[in-house]
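Trainee: Could you take me through one part of this model closely, one residue and its surroundings to begin with, and then work outward from there? Please keep to what can be read from the coordinates.

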Amino acid sequence: LLNYVGVGIPLLAVGALHGSEGAGLYRWAQLLVWIPVTVLVNAIASVYSSHIAMLRHTDIPALRRHRKQTTLRLVVLAMLVSVGALALPHLVPIIFGPRWAQSGMLALLSMPAIALSLVTTPTGALPLLGRNDLQFVWEAVRVGLMLAAFAFCRMSSTSIEGTTVAFTIALAVGYGLHWIANEWVARRLAGAGADA
């Protein structure tokens, strides 16, 4: 529930602040980038999760090494996706028409959060590492960040671009906290495995 609420607040907030047209442009921007990235994230996460589950029972010290290698590869992938996204403001009006041009810019403004999602989400394995409590706390914190971004945008009367940037920052902070929590748990497990 917290996951769906945290992910859904930005779209609902854009609709509340900028009307149905703004929500449509924002949703189109999400479809342009979030859907392909989500496919990548889910594919990588399924392989990573199964490998981490095995390492947790067979080779705990290797768990952190595998996490580090996977994260470095994901950083490179996120950089490539981000560079490719630079073309969106130019490609969207050519492919979909000038009416949708603004969604290309909104997608580009969302890229820092999307890139961080691509780096942190596939390696997010708190439940697999036995830390459902931290996963719950992180989901709750993310909802809080989304609500704080919404409150800021409402009080500041931001443009749709400003609203997108506010939610991008809130999402980026959330994904950063997610990575820190996973790294902390992986280090503790690796340290405990080395001591055993």
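Mentor: Take Thr120, which is in contact with Tyr175, His178 and Trp179 once its neighbours within four places in sequence are left aside. This is a predicted model, and what follows should be read with that in mind. Thr120 is part of helix H5. Its relative accessibility is 3%, below the 20% limit, so Thr120 counts as buried. Between Thr120 and Ile160 there are 26 Å in space, C-alpha to C-alpha, for a separation of 40 residues in sequence.

The burial of Thr120 fits its helix. Eight of the ten residues of H5 are buried, so the rest of the structure largely encloses this helix. Besides Thr120, the buried residues are Met111, Ala113, Ile114, Ala115, Ser117, Leu118 and Val119.

Beyond H5 comes a loop. Leu126 sits in the loop between H5 (111–120) and helix H6 (132–156). With a relative accessibility of 0%, Leu126 is classed as buried because the limit is 20%. Not counting residues up to four places away in sequence, Leu126 touches Arg131, Asn132, Leu134, Gln135, His178, Ala181, Asn182 and Val185. His178 is thus a contact of Leu126 as well as of Thr120. Leu126 and Ala13, by comparison, are 113 residues apart in sequence, with 29 Å between their C-alpha atoms.

H6 comes next. Its 25 residues should span 36 Å at 1.5 Å a residue, and the end C-alpha atoms are 36 Å apart, so the two values agree. Buried in H6 are Leu134, Gln135, Trp138, Glu139, Arg142, Val143, Met146, Ala149 and Cys153. Two of these, Leu134 and Gln135, are touched by Leu126. After H6 comes Ser157, with a positive phi near 50 degrees. Thr158 belongs to the loop between H6 and helix H7 (160–195). At 17% relative accessibility, Thr158 also counts as buried. Its contacts, with residues up to four places away in sequence left out, are His18, Phe152, Cys153 and Thr163.

Now for the core. In the largest nonpolar core, which has 33 residues, those touching the most other members are Val33, Val37, Leu88, Ile114, Met146, Phe167 and Leu171. Helices H1 (2–58), H2 (60–85), H3 (88–96), H4 (101–109), H5, H6 and H7 each supply at least two of its residues. H1 gives the largest share, eleven residues. In soluble globular proteins, nonpolar side chains tend to be buried together. Apart from its neighbours within four places in sequence, Val33 is in contact with Leu88, Ala107, Met111 and Ile114. Met111 and Ile114 are among the buried residues of H5. Apart from the largest core lies another, of 13 residues, including Tyr48, Ile52, Leu55 and Ala62.

Two of the contacts of Val33, Leu88 and Ala107, lead to the pairing of H3 with H4. The axes of these helices come within 7 Å and cross at roughly 155 degrees. Since that angle is over 145 degrees, H3 is roughly antiparallel to H4. The crossing is right-handed. H3 contributes Leu88, Pro89, Val92 and Pro93 to the contact, and H4 contributes Ala101, Ser103, Gly104, Met105, Ala107 and Leu108.

Conventions: Residues are numbered from 1 along each chain as its sequence is written. This is a predicted model: local features need pLDDT of at least 70, side-chain atom pairs count only at pLDDT 80 or more; totals for chains, interfaces and linings use all residues. Side-chain values use heavy atoms; hydrogens and water are left out. Helices (H or I, at least four residues) and strands (E, at least two) are DSSP runs, numbered from the N terminus. Buried means under 20% relative accessible area, exposed over 50%, partly exposed in between (1.4 Å probe, protein chains only). Contact means heavy atoms within 4.5 Å. A nonpolar core is a set of buried Ala, Val, Leu, Ile, Met, Phe, Trp, Tyr and Cys residues joined through side-chain atoms within 4.5 Å. The expected span of a helix is 1.5 Å times one less than its number of residues. Axes are lines fitted to C-alpha atoms, for helices over the stretch in contact, and angles run from 0 to 180 degrees between N-to-C directions. Angles under 35 degrees count as roughly parallel, over 145 as roughly antiparallel, 65 to 115 as roughly perpendicular and the rest as oblique. A crossing is left-handed if the near helix is turned anticlockwise from the far one by less than a right angle, and right-handed if clockwise.
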